[in-house]
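Me: I have a model open and would like to understand the labels people attach to it. Could you walk me through the reasoning behind them?

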Amino acid sequence: MHRRTTLTIFIALLAMACTPGAPPSFTVSETLEVPVSGPSLGVRMSSGASGQLLLSWMERRDDGADLRVSEFTNSGWAAPILVVTDPRMFVNWADLPSVTAIGKDQWLAQWLSYSADAPYAYDVRVAQSFDRGRKWTASQSPHSDGTSTEHGFVSVYPDGMSTGLIWLDGRKTINEVDEDPTSSGMTLRAATIDSDGEIRREQEIDALVCDCCQTSVAVGSKGPIAAYRNRTEDEIRDIYISRQRDGEWLAGTAIADDNWEIAGCPVNGPSIAASGDFVAVAWFTAANGVPLVKASISRNGGVSFSEPFLISDKQPSGHVDIAYLGHSVFAVSWMEAGDDAEKVQLRALASNGELGAVLTVGETNVSYNVPQMEAHDGELLLAWTGADAETSTIVSKRVRELDTPQ
């Protein structure tokens, strides 16, 4: 074979390998029963080691709340495990506890617990299990400031032999407000916890961030990447990312210049997903009074990102999630106003910006909601807070692809 012919074939094969798959369409295949035992809210889904998929939620009690977790099996959501009963648990629709599989048998749970008798004085509490949730260590806090201020909106990620956490930290909010908001504003902080409970590498990532928007972390080929809503001194609250390098978090940078000026927190954080070099961030903005859901994709492990792709401009209310499907295709979910209820929407996004059709996965009359989504064994699992006879409960759906990307 001539050298030129060989080179031509090689280039063609390389182009095929780098061409993103066509975005699939989706259909809801079934509703999955979630084994709650009482009024429930604060659903959180996480995928972790060995393909484990965990769903956690809170169940209110007369004195605080329970944190429970269920593992996904071939038969659906398994019987729940009680993680903790905390009489001082902070129960909230937006600031969500979680249980994450860090290793094959190691799970880490985090929740919020009041530190004083004040509405927004609570700490992050962390406990570990080394037998898949049967026994848990005594809880501890990853932050050492000891202030009776707000700490929450936690994201958990594997960090070598340790577990990493990022959270919004209000330790500076006890200071008197002056012309410099960084002296009294919310910060973004991080730390790691070892299997023996040792807290290490606590650091400040960003000195001024939005007060109550969810954070998100994914691990790509270049290491952990955090996505969060920043706050400038001029009240611009756009989405930033920070990458971890050599164990230290770099200064955050804007993923897009939406220039959303808002003098208050929209309670609407971003979501990030990663697989190797592919990293994508989805978020909500209402800059200039126009609500939009956008997403941006990196093909180099989060070093740089594409210009934003428009996911929805049909009156979305945000509360996004994103998951990697494979074949350089992501799935984005969000909430959108319907005629009588809020719709949970879903569509695929290829790395070249091509979009799949929008699917309404379900509806809920609980407008204050953060729907969860994870890819699992070639399907998508979603969950959110719904209502049954005026009692909050957890709704879960299994979604499959109609068309498999080629």
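Reply: Happy to! This is a predicted model, and a search of the whole structure finds ten aromatic pairs.

Me: What makes Tyr114 and Tyr122 an aromatic pair, and what is the geometry of that pair?

Reply: Their ring centres are 6.2 Å apart, and the cut-off for a pair is 6.5 Å. The planes meet at 90°, and over 60 degrees counts as edge-to-face, so Tyr114 and Tyr122 form an edge-to-face pair. Together with Phe90, these two tyrosines make up one aromatic cluster.

Me: How do you know whether Tyr114 is buried, partly exposed or exposed?

Reply: Tyr114 has a relative accessible area of 28%. Buried needs under 20% and exposed needs over 50%, so Tyr114 is partly exposed. Its partner Tyr122 has 1%, which is why Tyr122 counts as buried.

Me: Why is the pair of Phe278 and Tyr324 called stacked?

Reply: Here the planes lie at 20° with the centres 6.1 Å apart. Planes under 30 degrees apart count as stacked, so that name fits Phe278 and Tyr324. The pair also links distant parts of the chain, since Phe278 sits in strand β20 and Tyr324 in strand β23, 46 residues apart.

Me: What makes Phe278 buried?

Reply: Phe278 has a relative accessible area of 18%. The limit is under 20%, so Phe278 qualifies as buried.

Me: Which residues have the most contacts inside the largest nonpolar core?

Reply: They are Val293, Ile311, Ile322, Phe330 and Val332, in a core of 19 residues. The elements giving two or more residues to this core are β20, β21, β22, β23 and β24, and β20 gives the most, with four. Val293 touches several residues beyond four places away in sequence, including Trp283, Phe309, Ile311, Val332 and Trp334.

Me: What about the largest pocket: which residues lie nearest its centre?

Reply: Ser46, Ser47, Val217, Ile272 and Glu374 do, out of 46 lining residues. The volume of this pocket is about 1100 Å³. Among the elements that give two or more residues to the lining are β2, β14, β19 and β27.

Me: How does the lining of the largest pocket divide by residue type?

Reply: There are 26 nonpolar, 16 polar and four charged residues. Glu counts as charged, so Glu374, one of the lining residues nearest the centre, belongs to the charged group.

Definitions and conventions:
Residues numbered from 1 in each chain as written. Predicted model: local features only at pLDDT ≥ 70, side-chain atom pairs only at ≥ 80, totals over all residues. Heavy atoms only, no water. Core = buried A, V, L, I, M, F, W, Y, C linked by side-chain atoms within 4.5 Å. Buried < 20%, exposed > 50% of the residue type's maximum accessible area, 1.4 Å probe, protein only. Contact = heavy atoms within 4.5 Å. 1 Å grid on protein atoms, 1.4 Å probe; cavity = no way out; pocket = protein on both sides within 12 Å on 5 of 7 lines; lining within 4 Å. Points joined across faces, edges and corners; volume = space filled by probe spheres on them. Phe/Tyr/Trp six-rings, centres within 6.5 Å; stacked < 30°, edge-to-face > 60°.
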